[in-house]
Amino acid sequence: MALVNEHFLKLPGSYLFSEIAKRVNTYKQANPEQKVISLGIGDVTQPLAPVVIEAMHKAVDEMASESTMRGYAPETGYSFLINAILENDFKMRGVDLDADEIFISNGAKSDTGNIGDILGVKNIVAVTNPVYPVYLDTNAMAGRSGIFEKGLWQDIVYLPCSPDNDFVPAIPSEKVDIIYLCFPNNPTGTTLTKKELKKWVDYALDTKTLLLFDAAYEAFITEDDVPHSIYEIEGAKKVAIEFRSFSKTAGFTGLRCGYTVVPKELMGEDAAGKPIPLNQLWRRRQTTKFNGTAYIVQRAAEAIYSKEGQKQIKDTINYYMENARIIKENLEQIGLKVYGGINAPYIWVKTPNNMLSWEYFDKLLNEKQIVTTPGVGFGKSGEGFIRLTAFGKKTDTLEAMKRIRM
Ligand code: MLT
């Protein structure tokens, strides 16, 4: 019999959102008459922008003719999309990148999970706590995390984020090799200012630490001093990989498209200390294991960069941020402690009466028919919190708030 990868056996339970879906389905089966409102997983509810639909129809028609049909897409993306990204996401913010530093993919979840393929298993990894579970689970699968005990991975360095430090993680006091940073943050909805992020870049430059910067929620930033890209900070190209996603920016959770930036000046090293460009390794990894994002989807992504496209996606983002405002205000009015929701579509809520996260999750599901995400699912420091998403329909969000207030 084939031996299994035993690191998988160390993983606790199922993936967070699978566990929630299981509990919700059990509840729905037992209570089919109840209307359950989901403010749990951050999945979008609004239709795709008209420019996106139009671009896809056109691309589908191209597939119907011998002269315009497309086969395999280039593994790292079509230049029409890469050029639109370079121009709009970076040049307009004063960041110059080359086309071969952008890798189009089927989303940031896979890229943040797969990036470990090009990194040694002996690296010491640090994550914020709470944290998006993909970073932890994929490092555990690769054998970088040790044993899971009392809610913590033995070999992972945790950087707690709580109201005590305004959700700004402290620079690690011990030597680490890789740090995952996600800002605006999932799950807390909080973020770092330019000045705060600069501290991380300077530290990484000083200590030769690799930063894995997840910017999936940058489109939701409303405040001026919050960076949209880590490359807005001088020197970051030497220390950081950045992950971007069209899932939340343009409602592509079902279409699947994102990209990863691996600057050419960013180096790792081999066991002998020889510098190795991570760009080359990621290219080698992607061209071997990935066959490109669908042409139709890349045309859809390109469409959001037109003037009209930018306006349409901004309207949808504003719709979701209005939900964030509604949630925040309503919960504050009933005396709950609420964080986030200003530069991100997530609201991080302290449970009333110090209830445990799953306890409050069950209470809201059973008594109010509202699905949330238990904070402890994002790590030990998330205990005693729940996360609400602003990606619901406005009517559902209003109804959920009415139910919570009753
Ligand atoms: C979340 O709810 O945290 C996200 O939707 C999950 C994801 O983006 O994979």
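Visitor: Which residues point one way from strand β2 (residues 102-105), and which point the other way?
Guide: This is a predicted model, in which local features need pLDDT of at least 70 and side-chain atom pairs count only at pLDDT 80 or more, while totals for chains, interfaces and linings use all residues. Residues are numbered from 1 along each chain as its sequence is written, and side-chain values use heavy atoms, with hydrogens and water left out. In a regular strand the side chains alternate between the two faces of the sheet. In β2, a strand being a DSSP run of E of at least two residues, numbered from the N terminus, all four residues are buried (under 20% relative accessible area, 1.4 Å probe, protein chains only): one way point Ile102 and Ile104, the other way Phe103 and Ser105.

Visitor: In β10, what is the bridge partner of Phe103?
Guide: Two strands pair if DSSP finds at least two bridges between them. β2 and β10 (residues 258-261) pair in the antiparallel sense over 4 bridges. The β10 partner of Phe103 is Thr260.

Visitor: Which strands stand at the edges of the open sheet of 4 strands?
Guide: The order in this sheet is β13-β14-β17-β16, with antiparallel pairing. Two of its strands each have a single partner strand, so one side of each is left without a neighbour in the sheet. They are β13 (338-340) and β16 (373-374).

Visitor: How many bridges join strand β14 to strand β17?
Guide: β14 covers residues 346-350 and β17 residues 385-389, and the two run antiparallel. Among the bridged residues, Ile347 has Leu388 as its partner in β17. The number of bridges joining β14 to β17 is 5.

Visitor: How much of the ligand's accessible area does the protein cover?
Guide: Around the ligand stand Phe17, Ile41, Gly42, Lys109, Tyr132, Asn186, Lys248, Tyr346 and Arg387, each with a heavy atom within 4 Å of it. Polar contacts (pairs of N or O atoms within 3.5 Å) reach ligand oxygen atoms from a polar side-chain atom of Asn186 at 2.9 Å and from one of Arg387 at 2.7 Å. Of the 260 Å² of accessible area (Shrake-Rupley method, 1.4 Å probe) that the ligand has on its own, the protein covers 84%.

Visitor: How many disulfides are there?
Guide: A disulfide is a pair of cysteine sulfur atoms within 2.5 Å. Cys161 is buried at 5% relative accessible area, and its sulfur is 11 Å from the closest cysteine sulfur, in Cys182, too far for a bond. Cys257 is buried at 0%, with its closest cysteine sulfur, also in Cys182, 18 Å away. The count of disulfides is 0.

Note on methods
A polar contact is a pair of N or O atoms within 3.5 Å; within protein, one must be able to donate a hydrogen and the other to accept it, and residues adjacent in sequence count only if both atoms are side-chain atoms. Buried means under 20% relative accessible area, exposed over 50%, partly exposed in between (1.4 Å probe, protein chains only).
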